Amino acid sequence: MHTQLQDTLSLEIFPPKTSEGMTKLKGAVTKLNTLKPLYFSCTYGAGGSTRERTFETVTWLREQGIETAPHLACIGSGKDEIHDIVEHYATQGISRLVALRGDLPSGMGRPDRGTFRYASELVSYLREEYGARFHIEVAAYPEFHPQAASATADLEHFKHKVACGADSAITQYFFNADAYFAFLELCAQQGISVPVIPGIMPITNYSQLARFSDACGAEIPRWIRRRLEAFGEDRASIRAFGHEVILKLCERLLSGGAPGLHFYTMNQAGPTLALCRDLGIAPTAGADAAAA
Ligand code: FAD
C-alpha cells in the first residue's frame, strides 16, 4: 500500500480551449481531487498563448480551495510580462510554480524576443525577485531533452538549473524505469540532491501518444508500440493493456524509491484514478465509482 504517496502525488491538467472542455475538466478535477493530491498543476503555453485560459483554470482551482501550481514558460515573454503573471498568482495565494522554458508554438515569433533564454534564467529571476516565496519545480529529462547537444551537456544544464534555485523536478514521461533510475544515479554523482518526481503518462490512445512522444523525445519501447498498434481502434484493449503497463511502471518506480508520482492526466479522471486505486493510494468516497 502506498497511501503515504498522497503527500507527494501531483496531477497535471491543461487549460481547455472551449467552455464544453472547461465543464468536462471541472468534473474530472472534482473526481481526481478525491485522491487528495498535494497539488494540481496547470500548463501554460509559451509566448502567452494560453495565458487567459490558464488564468481562468487556475482561478477556478483556487476558488475550490485546491492547492495549485501554475506552469510558467518564459520563452518569448519579456520580464515585465512574467512579473505581472507572478504578481497575479501571488495575490491568489499561489505558493508553488513550475518554471519552464517552453516551446513557442509555430508562428508565434522569434524565441529571442523574450528576456529569458532558458528555464534556469527564469528560476534565477524568481529567486532574486521573490526569495523563498515560491516552491519552484523544474522539468527533468531521464531520456534527455531532444534539443540537447549531448546527454552530458543536458545534465550540466539541469544541474545549473537546480543550482539557480529549483526545489524539485518533475520528469518528462517515460516508459522505461531504467532510464529514470540511471538519471537519478547521474544526478547523485553530480551532487544534485533535489527530489526528481517521475512524470507518468497513462496510456489511453495510441496515435495521440505516438505523436506526443515523437515531439517530446519520449521513447515508446518497441514491444509496447507493437502491442498498441496491433489493437488498432480497439480502445478498450488499449486502455486495459496501457493500465497494466503503467501500473507496473509505477510499482517499479515506487519500490525503487521514487519520491512521488506526477500524473499527466490529460484532463481525464478515469485512467489516473484507476492507476491510483490499484497502487493502493486510498481515495475518499466516490473515487472508485468514478474510475470504473
Ligand atoms: P530548459 O531547462 O531551459 O532546457 C531546454 C534545452 O536547453 C535543453 O536541451 C537544455 O539542455 C538546453 N539548455 C539549458 N540551459 C542551457 C544553456 N545555458 N546553454 C545551452 N543550452 C542550454 N511546455 C510548455 O510550453 N508549457 C508547459 O506548461 C509545459 N509543462 C511541462 C511540464 C513538465 C513536467 C515537463 C517535463 C515539460 C513541460 N513543458 C511545457 C515542455 C518544456 O517546456 C519543453 O520540453 C521545452 O523544450 C524545455 O523546457 P525546459 O524548461 O526543460 O527548458
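**A tour of the cavities and the ligand site**

Grouped by class, the residues lining the largest cavity are eight nonpolar, six polar and no charged. Keep in mind throughout that this is a predicted model.

**Stop 1: the largest cavity**

Start by selecting Met201, Pro202, Thr204, Gln208 and Met266. Of the 14 residues that line the largest cavity, these five lie nearest its centre. Next, colour α7 (206–216) and α10 (270–278), the elements that each give two or more residues to this lining. Which of the elements supplies the largest share? It is α7, with three residues. The space enclosed here comes to about 120 Å³.

A probe the size of a water molecule, rolled over the atoms, shows where empty space is left. With a threshold of 30 Å³ or more, the structure holds two cavities, and the other one is the next stop.

**Stop 2: the second largest cavity**

Select three stretches together: Tyr141, Pro142, Glu143 and Phe144; then Gln172, Tyr173 and Phe174; then Cys216, Gly217 and Ala218. These residues line the second largest cavity, whose volume is about 40 Å³. How does this lining divide by class? There are seven nonpolar, two polar and one charged residues. Leave Tyr141 displayed, as this residue of the cavity lining is also listed among the closest to the ligand.

**Stop 3: the ligand and its shell**

Now select the ligand and show what lies around it. How many residues surround the ligand? There are 22, and the closest are Tyr44, Asp103, Tyr141, His145 and Asp154. By class, the shell consists of ten nonpolar, eight polar and four charged residues.

**Stop 4: backbone contacts of the ligand**

Hide the side chains and look at the backbone at three positions. At arginine 101, a polar backbone atom is 2.8 Å from an oxygen atom of the ligand. At alanine 119, the distance from a polar backbone atom to a ligand oxygen atom is also 2.8 Å. At alanine 148, a polar backbone atom is 3.4 Å from an oxygen atom of the ligand.

Switch to a surface view of the ligand. On its own, the ligand has 970 Å² of accessible area, and the protein covers 84% of that. To finish, colour α5 (151–163) and β6 (168–173), the elements that give two or more residues to the shell around the ligand.

Definitions and conventions:
Residues are numbered from 1 along each chain as its sequence is written. This is a predicted model: local features need pLDDT of at least 70, side-chain atom pairs count only at pLDDT 80 or more; totals for chains, interfaces and linings use all residues. Side-chain values use heavy atoms; hydrogens and water are left out. On a 1 Å grid over the protein atoms alone, a cavity is a set of points where a 1.4 Å probe fits but cannot get out, and a pocket is an open set with protein on both sides within 12 Å along at least five of seven lines; lining residues have an atom within 4 Å of a point. Grid points are joined across faces, edges and corners, and a volume is the space filled by probe spheres set on the points. Helices (H or I, at least four residues) and strands (E, at least two) are DSSP runs, numbered from the N terminus. Ala, Val, Leu, Ile, Met, Phe, Trp, Tyr, Cys and Pro count as nonpolar, Asp, Glu, Lys and Arg as charged, and the others, Gly among them, as polar. A residue is near a molecule or strand if one of its heavy atoms lies within 4 Å of it. A polar contact is a pair of N or O atoms within 3.5 Å; within protein, one must be able to donate a hydrogen and the other to accept it, and residues adjacent in sequence count only if both atoms are side-chain atoms. Accessible areas come from the Shrake-Rupley method with a 1.4 Å probe; for residues, only the protein chains shown count as cover.
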